[in-house]
Amino acid sequence: LNPWDVMLCVSGTAIACENALVVAIICYSPALRTPMFVLVGSLATADLLAGLGLILNFVFQYVIRSETVSLLTVGFLVASFAASVSSLLAITVDRYLSLYNALTYYSERTVLCIHTMLAGAWGVSLCLGLLPVLGWNCLHDRAACSVVRPLTKSNVTLLSASFFLIFLIMLHLYIEICKIVCRHAHQIALQQHFLTASHYVATKKGVSTLAIILGTFGASWLPFAIYCVVGDPDYPSVYTYATLLPATYNSMINPIIYAYRNQEIQRSMWVLFCGCCQAKVPFRSRSPSDV
């Protein structure tokens with residue numbers, strides 16, 4: 001057994017378990033049906049599928065050796081990870097809208113916007129996943145292979161370019177969110193004639209959280225995206241594994257950042273597993289800006 005394949009399988013198992021719990025909690029709790037939790041559920045579903053894809057890839061690689069199965073598995077992984085990254089973008093857009101249009105955020109227009117974003121994200125992800133299955137692969141032309149077989153060089157270039165675009169959009173939106181947060185803190189300070197320590201700490205915490213979110217996303221995916229562009233299929237496969245494994249960790253960290261830190265989900269977990277509810281964690285509808 002290739003130890004790298006074993007680590008990817010273990011990573012996929014952890015990813016699947018973590019995100020399956022998030023999906024179960026959101027489906028179980030009728031209170032978690034707001035646009036914010038719909039987006040978190042979409043992210044958890046995509047990461048759950050990605051984890052299952054890593055497990056299936058390991059099983060089929062060592063049990064059922066077939067070119068058709070290999071294409072289906074790779075396409076499934078591409079679609080799942082693309083849906084995960086797209087859901088992260090949708091969450092970022094939602095957080096920006098909740099601050100930029102705070103007065104009109106809780107409206108039917110917002111719900112329609114969220115559903116449209118998710119439909120577009122999953123539709124594009126499905127199309128990207130179908131490309132290798134429909135013929136955009138290098139099974140019959142080894143010279144066209146990329147560092148991720150059986151994907152072609154042009155295919156991984158398209159995927160990497162899409163990631164870079166999404167990363168730049170998220171970076172821009174998080175910078176704008178930081179500006180809005182700082183401007184709100186300044187307005188509060190003017191109204192109260194001074195900036196209290198609590199306002200300063202809350203603002204600093206919010207900006208730090210946004211930096212951690214974007215930094216985690218970039219640190220996970222940037223090495224693999226860059227290597228897909230500059231790497232050569234003749235390079236040792238260890239380079240591909242060494243950059244792909246951290247990318248999978250993003251799906252492992254996402255539930256912690258976007259789900260388990262949320263008080264409503266923590267409360268629902270107590271209800272789901274204990275049949276009780278802690279009075280110390282009352283339910284209240286929170287906006288995506290509560291990061």
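Read along the sequence, the chain runs α-α-α-α-α-α-α-α, which amounts to eight helices and zero strands. Please keep in mind as you look around that this is a predicted model. The chain has 291 residues, of which 45% are buried. Take the contacts whose partners are separated by 6 or more positions: 75% of them link residues 24 or more positions apart.

Let us begin at the N-terminal end. Helix α1 covers residues 3-28 and helix α2 covers residues 35-62. Their axes come within 7 Å and cross at roughly 150°. Angles over 145 degrees count as roughly antiparallel, and α1 and α2 are therefore roughly antiparallel to each other. The crossing of α1 with α2 is left-handed. If you sort the residues of this contact by class, you find 18 nonpolar, seven polar and two charged.

Next comes the pair formed by helix α3, residues 67-100, and helix α4, residues 108-133. Here the angle is about 155° and the axes lie 8 Å apart, which makes α3 roughly antiparallel to α4. In the contact between α3 and α4 there are 18 nonpolar residues, along with five polar and one charged. As for handedness, α3 and α4 cross in a right-handed way.

Val 133 is a good place to pause on this pair, and it belongs to helix α4. Is Val 133 buried, exposed or something in between? Its relative accessibility is 33%, so Val 133 counts as partly exposed. Beyond its neighbours within four places in sequence, Val 133 touches Leu 71 and Leu 72. Ser 70 is 63 residues away from Val 133 along the chain, yet the C-alpha atoms of these two residues are separated by 9.4 Å.

Helix α3 also packs against α7, at an angle of about 35° and with the axes 11 Å apart. This crossing of α3 and α7 is left-handed. From α3, the residues taking part are Phe 81, Ser 84, Leu 88, Ile 91 and Arg 95, and they meet Thr 248, Asn 250, Ser 251, Asn 254 and Tyr 258 from α7. By class, the contact of α3 with α7 comprises four nonpolar, five polar and one charged residue.

One of the α7 residues in that contact, Asn 254, deserves a closer look. Helix α7 spans residues 237-260, and Asn 254 sits within it. With a relative accessible area of 3%, Asn 254 falls under the 20% cut-off and so is buried. What does the side chain of Asn 254 join through a polar contact? The partner is the side chain of Asp 47, at 3.1 Å. Setting aside neighbours within four places in sequence, the residues in contact with Asn 254 are Leu 43, Asp 47, Ser 84, Leu 88 and Ala 259.

Another buried polar residue can be found in helix α6, which runs over residues 197-230 and holds Ser 220. The relative accessible area of Ser 220 is 6%, so Ser 220 is buried as well. Apart from neighbours within four places in sequence, Ser 220 is in contact with Thr 243, Pro 246, Ala 247 and Asn 250. Asn 250 is also one of the α7 residues that meet α3.

Finally, turn to the loop between α4 and α5, where you will find Arg 149 and Pro 150. Helix α5 itself is made up of residues 153-192. What kind of peptide bond joins Arg 149 and Pro 150? The bond is cis, with omega about 5°. Arg 149 has contacts of its own: leaving out neighbours within four places in sequence, these are with Val 74 and Pro 233. With Pro 233, a polar atom of the Arg 149 side chain lies 3.2 Å from the backbone oxygen. Leu 139, which is 10 residues from Arg 149 along the chain, has its C-alpha atom 8.4 Å from that of Arg 149.

Terms used:
Residues numbered from 1 in each chain as written. Predicted model: local features only at pLDDT ≥ 70, side-chain atom pairs only at ≥ 80, totals over all residues. Heavy atoms only, no water. Axes fitted to C-alpha atoms, helices over the stretch in contact; angles between N-to-C directions. Helix = DSSP H or I, 4+ residues; strand = E, 2+ residues; numbered from the N terminus. Parallel < 35°, antiparallel > 145°, perpendicular 65-115°, else oblique. Left-handed = near helix turned anticlockwise from the far one by under 90°. Nonpolar A, V, L, I, M, F, W, Y, C, P; charged D, E, K, R; others polar. Buried < 20%, exposed > 50% of the residue type's maximum accessible area, 1.4 Å probe, protein only. Polar contact = N/O pair within 3.5 Å; in protein donor to acceptor, adjacent residues only side chain to side chain. Contact = heavy atoms within 4.5 Å.
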